[in-house]
Every structure is written in C-alpha cells, then in structure tokens.
Amino acid sequence: MRHEINNNHVVLAGIVLTLAALVGIELLPQRTLDLIAPGAADGPYLITADGTQDGKYVRWIDEKQRRLQCRYTGTHDYMGCGLTFVLTGEDPRLGRDLSHFDTMEVDLAYTGPSPFIRLAIRDFDRRFSKVEDANSARFHSLNLRPRDIDGPLTVELSELTVPEWWIHHYDLSREYNRPGLENANAVSVDIPFVKSGEDHVLQLRRLTLKGQWVSRDRVYLGILCAWLLGATVLVVRGWSQLSRSHHRQQREIDALTMRTRQLRLEQEKLMRLATIDELTGVLNRRGLEQALDDYEEAAQGMTVVMLDIDHFKRVNDRLGHDGGDEVLRRVAAVVVANLRSSDVFGRWGGEEFLIACQGPRMRDAARLAEKLRDRIEHSETTSAGVRVAVTASFGVALAPPGGSVADALKRADAALYRAKAAGRNRVEVDRSLPSDAPTTV
Ligand SMILES: Nc1nc2c(ncn2[C@@H]2O[C@H](COP(=O)(O)OP(=O)(O)OP(=O)(O)O)[C@@H](O)[C@H]2O)c(=O)[nH]1
C-alpha cells in the first residue's frame with residue numbers, strides 16, 4: 001500500500017519537531033566549566049600578591065580549602081591581594097572562549113574591612129594585548145559587596161564591564177573597550193585595596209561558569225528557518241501539484257473539445273446524409289419536407305413546382321437501370337444549374353422532383369418551370385455513348401402566406417397530372433387560387 005505524504009503530515013511533523021526542540025533546550029544539560037570543584041584545588045591558579053617582602057603578607061591559611069590571609073604592613077598606601085585562575089597553558093595568548101557562558105556561580109567567604117570583593121575576567125585580544133604586559137588583556141570586572149556574598153550567588157557574565165580606569169590607562173579606540181570573552185586567559189577574585197595594618201581573610205569555595213550548549217536565540221532562529229524552509233517546500237510542492245493538475249485538466253478539456261467537435265461533425269454528416277438523396281446529391285423527400293416546414297412556418301407564402309420525367313420507364317427499359325440513374329442525375333444537375341440560391345430543390349421520389357420558391361409569385365414560378373422544361377429538353381443527355389432524348393412535365397401551384405403547403409402540393413400534383421394528360425413536356429399551372437400572374441404559360 002502506498003502512503004502519500006500530504007501537507008497535514010508535514011505540518012504535524014513540524015509541530016512535533018518544534019516542541020521537541022523547545023523542550024530539548026530546556027532539558028539539555030548545561031555547559032559548565034568548574035574552575036574549582038568544591039574541596040579540590042583544580043588550578044592552575046596563583047596568589048596575586050606573593051610572599052612577605054616589603055611588608056606584603058599573603059599566605060594560605062588552608063590551601064586545600066583555598067583560604068587566604070592578606071595583611072599589609074608596608075609603606076605604600078595599599079596592596080592588592082587575591083586568587084587568579086589561569087585559563088591558558090604556557091602561552092598567555094591562547095585563552096579560552098567563554099562567550100558561550102551566560103552565568104558564573106560564585107561561593108565566597110570573606111572577613112575583613114574591604115567594602116567590596118572584585119570578580120574579574122581578562123581577555124587577551126591580539127589586536128592590542130601584549131604578552132609582556134599581563135594587564136593589557138582586556139579587563140572585565142564586577143564589585144561584590146560583602147553582604148552580596150553571604151551565600152552562593154549567581155552572577156550574569158553581562159554584569160562584568162570594562163572599568164573606566166582600564167579604558168583610560170590603555171587609551172584604545174572605542175571598539176576595543178567593548179566587553180568580549182572570546183579569548184579569556186584569566187579569572188580572578190581579589191581584594192583590590194588592602195591597606196596598611198588591615199587583616200583580610202578570603203575563601204573561595206566555588207567558581208563555576210554555566211551556559212547553554214546551544215543558545216536559545218540560535219534554537220529559535222533554527223526553528224524559524226526550518227518553518228520558513230518547510231513553508232517554501234510546501235508552497236513549491238503545492239504549486240507544482242496545482243500546475244500538474246491544471247495541465248492534466250487542460251489536456252482533458254482539449255480532448256473533450258476535440259471529441260465534441262468530432263461528434264458535431266459526425267452528427268452534421270449524419271444529418272446531411274439523412275436529408276440528402278444518395279443518387280443525385282440533392283435533398284431527399286425528408287430534407288424537402290423539413291425545408292417546406294421551415295417555409296410554411298415563415299408564413300411568407302411560396303410556389304411549388306412538381307417535375308416528373310416523361311416516360312422514364314422507357315428510358316430504363318432502353319438504357320437499363322444504371323442508364324436510368326444517369327438520366328436522373330443529369331436532370332437534377334440541369335435543374336440545380338438554373339435555380340436561385342433561395343430556391344429549395346429535391347427528389348420527391350422515383351423520377352419525380354420538387355422545387356419550392358420563396359414568396360407567392362406564380363408568374364415567376366411558371367417562368368422558371370418553363371425555362372427548366374426547355375433546358376431539360378435541350379440538354380445533352382448521353383448514357384454509354386448513346387444520346388437520350390429526355391423531357392419532363394411540370395405542375396405549378398401556389399401556397400399563399402399562411403396557407404397549407406400540403407394542399408399546394410396536391411394541387412401541383414394535379415396540375416402535373418394534367419400536363420401528362422395533355423401530352424407531356426409541358427407546364428401546367430394550378431388555377432384554383434387567385435394569383436398575381438396569368439395561370440397559363
Ligand atoms: N433507374 C431508375 N429508375 C427508377 C428509379 N425510381 C423509379 N424508377 C423507375 O421509374 C419508372 C417510373 O415509371 P412510371 O411511373 O410508369 O412513369 P413513366 O414511365 O415515367 O411515365 P410517365 O410518368 O407517365 O411519363 C419506373 O419504371 C421505376 O422503376 C430510380 O431510382 N432509378
């Protein structure tokens with residue numbers, strides 16, 4: 001069984017995948033970088049101020065617990081003291097990309113007179129940082145007050161800013177002063193100002209960076225792109241299906257149109273055949289009757305001329321049936337050649353023909369009959385090389401406007417009978433109705 005993939009399936013699959021992606025980014029474990037796991041000294045790290053020279057006194061109270069004591073008895077105003085986690089190996093230029101991290105979890109303990117503890121990240125920027133000057137790596141810092149750190153806290157990395165003193169000190173162009181953690185080489189926690197005679201104790205319990213493996217923005221952008229792509233595919237697919245079905249329908253319509261045309265032609269041919277006399281090619285009796293009906297309906301009046309070949313039996317006897325047929329064709333051709341286009345002409349039956357002329361003009365009809373009689377008599381009719389003398393008799397009658405055609409035919413037939421009786425090869429006109437012309441020719 002063949003399964004069609006329709007648009008509903010695609011949309012449903014898209015919704016399921018979107019939900020899976022949205023749930024997935026929530027369930028995906030976070031990317032973490034533990035600078036020190038609790039209870040472990042995972043360094044490398046260094047104590048910012050070292051030794052006891054010049055009145056500086058910095059020592060581990062408990063190195064394993066990263067508990068540090070700072071005291072200053074020197075002659076300067078102050079000293080800095082703290083812990084720096086080095087993120088590079090030997091080469092300070094090769095830092096670590098922290099731009100994928102969003103937050104830093106910090107767990108600190110501090111006792112002493114400092115109003116704040118400083119959290120900082122240095123980023124080695126090859127455009128201006130120098131190996132010989134550790135401070136030239138871009139400095140980002142955040143000051144935490146002692147009351148902020150009385151428990152574990154989470155710091156957004158975006159809270160760390162490039163301080164004014166660093167910007168002034170290096171006096172770089174503006175774009176270099178923007179925060180950037182693509183190549184961080186050190187993270188530090190320190191007390192920047194340890195004044196003479198003061199005693200500070202700092203313990204760092206936890207320092208962990210956290211971030212998403214894939215940022216939410218990227219996932220949303222990916223989902224949006226996937227939907228746009230899917231929508232484009234569906235539109236293109238729909239368009240091509242529509243176009244295919246349009247072409248198929250067009251072909252079917254063309255085929256139907258062609259078939260209809262053929263059928264119409266065949267129908268016309270059949271209609272023609274049904275009303276045409278096969279032998280002579282003129283209307284047959286059925287065709288004549290239809291034409292007479294039309295004339296009668298128009299109610300404009302008409303004249304009918306009955307034509308019968310004289311002694312046709314003898315023609316048949318002399319020339320044979322085929323010869324007789326030839327004579328019938330010849331007589332029909334002579335009549336056709338002498339009619340107007342508005343006249344109706346056909347074979348009424350056997351050797352008898354009928355002409356119907358529009359309008360109630362008996363004189364014209366009688367003249368026409370006379371002309372035809374003359375033409376038939378003088379026509380060159382040959383059959384198998386033998387010249388045949390052919391004549392015909394005519395009966396003419398009027399069907400007045402609104403009058404009965406059947407009645408006119410009867411009267412024309414009677415006139416024809418009279419023409420036969422009077423010796424044939426002549427025209428007889430029906431005189432029973434008043435007419436516009438003399439009733440004899
Ligand atoms: N060859 C041929 N003969 C036909 C056809 N239809 C009728 N006929 C013949 O036409 C002849 C008509 O003969 P009749 O009705 O006696 O009339 P006629 O011999 O023409 O004599 P009149 O009409 O009185 O002048 C018959 O012999 C029919 O067989 C046809 O289609 N072809």
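I call a residue buried if 20 or more other C-beta atoms lie within 10 Å of its own, exposed if 12 or fewer, and partly exposed in between, with C-beta atoms placed from the backbone. This is a predicted model, so I took local features at pLDDT of at least 70 and side-chain atom pairs at pLDDT 80 or more, while totals for chains, interfaces and linings use all residues. Residues are numbered from 1 along each chain as its sequence is written.

**Entry 1: two loop residues**

I looked up Asp171 first. Asp171 is exposed, because 7 other C-beta atoms lie within 10 Å. I placed Asp171 in the loop between helix 2 (164-170) and strand 10 (184-195). Helices (H or I, at least four residues) and strands (E, at least two) are DSSP runs, numbered from the N terminus. Asp171 is not a glycine, yet has a positive phi of about 45 degrees.

Next came Arg424. Arg424 also is not a glycine, and has a positive phi of about 75 degrees. The loop that holds Arg424 runs between helix 7 (405-421) and strand 18 (427-429). Arg424 counts as partly exposed because it has 14 C-beta neighbours inside 10 Å.

**Entry 2: the ligand shell**

I then listed the residues around the ligand (C-beta atom, placed from the backbone, within 6 Å of it). There are 16, and Asp310, Phe312, Lys313, Gly324 and Gly350 come nearest. Which helix gives the largest share of the shell? Helix 5 does, with 7 residues. Strand 12 (302-309) and helix 5 (312-337) each supply at least two residues. By class I noted 4 nonpolar, 5 polar and 7 charged residues in the shell. For these classes, Ala, Val, Leu, Ile, Met, Phe, Trp, Tyr, Cys and Pro are nonpolar, Asp, Glu, Lys and Arg are charged, and the others, Gly among them, are polar.

**Entry 3: strand 12**

I checked the cover on strand 12 and found 8 of its 8 residues buried. One face carries Met302, Val304, Met306 and Asp308, and the other Thr303, Val305, Leu307 and Ile309; all are buried.

I looked for pairing next (at least two DSSP bridges between two strands). Strand 12 runs antiparallel to strand 14 (residues 352-358), with 7 bridges joining them. Here Val305 has Ile355 of strand 14 as its bridge partner. Strand 12 also pairs with strand 17 (residues 392-399), antiparallel, over 8 bridges. In strand 17, Phe394 stands opposite Leu307.

**Entry 4: Ala397**

I stayed on strand 17, where Ala397 lies. Is Ala397 buried or exposed? Ala397 is buried, because 29 other C-beta atoms lie within 10 Å. I followed Ala397 to Thr303: they are 94 residues apart along the chain, and their C-alpha atoms are separated by 5.7 Å. I also listed contacts (C-beta atoms, placed from the backbone, within 7 Å). Leaving out residues up to four places away in sequence, Ala397 touches Val304, Ala408, Arg411, Ala412, Ala415 and Asp430.

**Entry 5: helix 1 on helix 3**

I closed with a helix pair. Helix 1 (residues 7-27) packs against helix 3 (residues 216-275) at an angle of about 175 degrees, their axes 11 Å apart. The two helices are therefore roughly antiparallel. Asn7, Val10, Gly14, Thr18, Ala21 and Ile25 of helix 1 meet Arg216, Val219, Ile223, Trp227, Gly230 and Leu234 of helix 3. I sorted the residues of this contact into 7 nonpolar, 4 polar and 1 charged. The axes are lines fitted to C-alpha atoms, for helices over the stretch in contact, and angles run from 0 to 180 degrees between N-to-C directions. Angles under 35 degrees count as roughly parallel, over 145 as roughly antiparallel, 65 to 115 as roughly perpendicular and the rest as oblique.

Key
Contact = placed C-beta atoms within 7 Å.
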